[in-house]
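Student: I would like a close look at one part of this model, taken slowly. Please start from one pair of strands and work outwards.

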Amino acid sequence: MVFSSLTFWFIYLPLVLVLYYVTPKKARNIVLFLVSLAFYGWGEPVYISLMLITILINYIAGYLISKSQSKKKLWLILSVVLNLSFLVFFKYSGMIVSTLNLLPFINISFSAPALPIGISFYTFQAMSYTIDVYREECSVQKNPLVLGTYVTLFPQLIAGPIVRYTDVETQLTKRKETLEKFKSGVLLFLAGMGKKVLLANQFALMYKNLSETGDGFGVLASWAGLLALTLQIYFDFSGYSDMARGLGRMIGFEFMVNFNYPYISRSITEFWRRWHISLSTWFRDYVYIPLGGNRKGFKRQIFNLFIVWLLTGLWHGASYNFVLWGLYFFVILACEKLFLSKILNKAPKAVGHIYSIVLIMLGWAIFSFDNMSELTAFLGSLFGAQGVVATEAQASVMLSYLPICLAGCVLSTPLIKVLYEKVRNAKYAVLLETAFCIVIMLLCTASLVSESYNPFIYFRF
Amino acid sequence: MKNKFIKFLPAAVFLVFTFAFCILIFVLPKKDFSEMEKRYLADTPDFSAKNLFSGELVKEIDGDSEAGKSGYVSDHFPMRSFFVGFNSYYNLSFGNTANSDYYFAKDGFIITKPYETPRLDTNIEVINNFSDKLNVTLSIVPSAGNVLEDKLPLNHIKYKDTEVFAKLKTELKGSVNYCDLHKTMKDFYRSGEAPYYKTDHHWTTPAAFAAYKELGGVLGYTPTEESDFKKTEYKDFYGTTYSSSGYFLAKPDTLLLWEQGDESSGITVEIYEGESVEEYDSMFFEEHLTEPDMYPVFLDGNHSLVKIKNPQAQGKLLVIKDSYAHALVPFLAENYGEIVMIDMRYFKENVSELCESEGIGDVLILYSISNFCTDTGLSFLE
């Protein structure tokens, strides 16, 4: 199920809230576990079994690791291998087989299984538990229900943030639901819903309308198309994270901030500190630092970076453009480490901003085309390979989306947040908040009722 | 006490909104058919275990965008048309209209956006070939967007009518009689008349009459005088551009029926659908005047084959057409003993054989320009 659907908002959510709050505190995790499985199984009920197996593997592994000091490494390796083999089988087997088939003497006929939604997210979450038990950063969870609740927790199940077990360990058993939290959860949920439905979906349509005019991309039109993709990906993903955090607060959880205005960065290093923070920190803590980080000399550090960015690329999808996308950032980040950062620090602020946003946008082009010839054609069009500036039809589309693009650009900066911080303690703040809620609810419901069109681009993860 | 709780007002508003619609979805009576959209709404989901595990249940509830099916929840959402309209006007207020299929034009006109011309060349060729066999007259109705260009919003794409009409003049063979309605409609508009409805894509009855007069010169009949008709107005006509655009605050149109003074003209209409034939004694199907979309009052809308017989006139004519012809054919019926009207989107038999068995030599092909440039049915014409 996705949050930005009428079924989630008007049927699933009210039922969950009622069930959750009529249940006594002690039994609330059971409710959460069951409704989360229902959420996950919506559409693909068979994969509930896969989810249960993942929980079981990590529960048993955590238990065995805590029991035996001598064999704990063995159990850890076994659980990591099992976790990753599920991920590889369901997500990457198609890519691996088609790559092998490129070799002249191999011809495997194989139809890849359907991708279970959110598998990349919950596998990483589950692994963080087992690894942290091994590192003795948390104690073993003896209650399988609590661990199950942690892995399946519906707010962040299918699109993050990737919540680490250590961050929510106490919340899982001792959390306090308050009206204050509930209210801020509502505001965050609706802000996220607005980002997704009123912005991301519109930018998706903008790109679709621009590319469907059929006469190729002019220079201006292709940059407008790339801007649409750039805004769509940000508002889609950060909107989803906001909804997840908002829903978490409604039931007493507090999850980490996942996006911190990434498009205002002045370097790519800074961008990756602000973009999908829960993923970058996961790779930092479970791959980069265990590999030695920057403690084993500069050459080794660059190699470690290479591994991390290869994996980060692959994590985003089973296709070579994602590998390319990861390596693209590896090269940029390595350059920044070597010499670029020094130059950027001395240069005027604007240089850093322009440098970053252009590289980020080019990155999204690589990210968006899994067909290499389409990608090269699009990159070419950005630099005028297809002639004209924009066709008449594209100019009309661009003009039509101009106001919402401007709104999108402004809303990618912390401007609204800064303004809100100034007034949030004022007496009339509650009226502003209420008005915000009413407007967003009406517009989002209207948009959802009107459009069966609701592409969720993070489904391929 | 009161002040303490007022700060939770946003949460309260959210809960009231969410739960109110949740309850309304379950308790409100359901409609089977949406008159606005002219389609059946999603059926009540089948809550069987088999349906659940196959994933079908979810598709029935949420819709299936790949199969183009809408879901139960969105189809039966409370205040659905309010929300659809609200969304249209919200996007309009932002100038965000690229994704709509309609222009919100001046003076309450809702005008279909420009068409592409994927089938233009093929259709010209088909007609050229067909004119070797029979006496063919072609007439194309220009688009509302082209004729009413001064009503369009600033941000619009040009309509290709001028190019298409120029192409017709040069590429049609001499054996095709061509009747130009582009100028007729433009002159008609310039004279202060309304050639098209504001809330429907079709042309108005007076516009169809102007075309009927023009066609007389090509087909060789003497048009009936305007003063011979009894004119009746029907208010509150909400047409197709109204219902599909979501601009629900638009004012309705008035539909005009022009009927021959004496009702005893004896004209009969035979409608053929598959094997069955129904006979009627009027070309106007007044039951449609009680519906929001009144245009099917003319000849009951689209049918595969319709015969209109007038015992007081002579001659036979085959009309190959789209729905624009429905407003015009009732005028033609005064001049022909029998008009056989076929719609190539549904009629799949050999047209030459039909003409031979019916003893017809004259053919009128009448299409709106957008259909003529896109319709694939015409290629079956032989």
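How many bridges join strand 14 of chain B to strand 16 of chain B, and do the two run parallel or antiparallel?

Tutor: The model is a predicted one, in which local features need pLDDT of at least 70, side-chain atom pairs count only at pLDDT 80 or more, and totals for chains, interfaces and linings use all residues. Residues are numbered from 1 along each chain as its sequence is written, while chains are lettered from A and ligands numbered from 1 in the order in which they are written.

Strand 14 (residues 316–321) and strand 16 of chain B are joined by four bridges and run parallel. Two strands count as paired if DSSP finds at least two bridges between them. The strands themselves are DSSP runs (E, at least two residues), as are the helices (H or I, at least four residues), and both are numbered from the N terminus. To find one matched position, go to B:V319, whose bridge partner in strand 16 of chain B is B:L364.

Strand 16 of chain B has another partner. It also runs parallel to strand 7 of chain B, and seven bridges join these two. Here B:N135 has B:D362 of strand 16 as its bridge partner. Six of the seven residues of strand 16 of chain B are buried, so the strand is mostly covered; buried means that 20 or more other C-beta atoms, placed from the backbone, lie within 10 Å of a residue's own, whereas 12 or fewer make it exposed and counts in between make it partly exposed. In a regular strand the side chains alternate between the two faces of the sheet.

Now widen the view. Strand 16 belongs to an open sheet of eight strands in chain B, ordered 8-7-16-14-15-13-11-12, and the pairing is mixed. At the edges are strand 8 (176–180) and strand 12 (276–280) of chain B, each of which pairs on one side only. From one strand to the next the twist averages 20 degrees.

Helix 7 (residues 120–130) of chain B packs on this sheet and touches strand 7 (135–141), strand 8 and strand 16 (362–368) of chain B. Touching is a matter of contact (C-beta atoms, placed from the backbone, within 7 Å). The direction of helix 7 makes about 155 degrees with that of strand 7 of chain B; such angles run from 0 to 180 degrees between N-to-C directions, along lines fitted to C-alpha atoms, for helices over the stretch in contact.

The mixed pairing can be seen elsewhere in the sheet. Strand 13 (residues 305–309) and strand 15 (residues 338–342) of chain B pair in the antiparallel sense over five bridges. In that pair, B:V306 stands opposite B:M341 of strand 15.

The rest of the chain gives the setting. Chain B comes to 15 helices and 16 strands. Its C-alpha trace spans about 90 × 50 × 45 Å along the principal axes. Of its 382 residues, 40% count as buried. Among contacts in chain B with a separation of 6 or more, 70% come from residues 24 or more positions apart.

For a contrast with the covered strand, look at B:K4, which lies in helix 1 (residues 2–6) of chain B. B:K4 counts as exposed because it has 8 C-beta neighbours inside 10 Å. B:K4 and B:T204 are 200 residues apart in sequence, and their C-alpha atoms are 63 Å apart in space.

Terms used. Contact = placed C-beta atoms within 7 Å.
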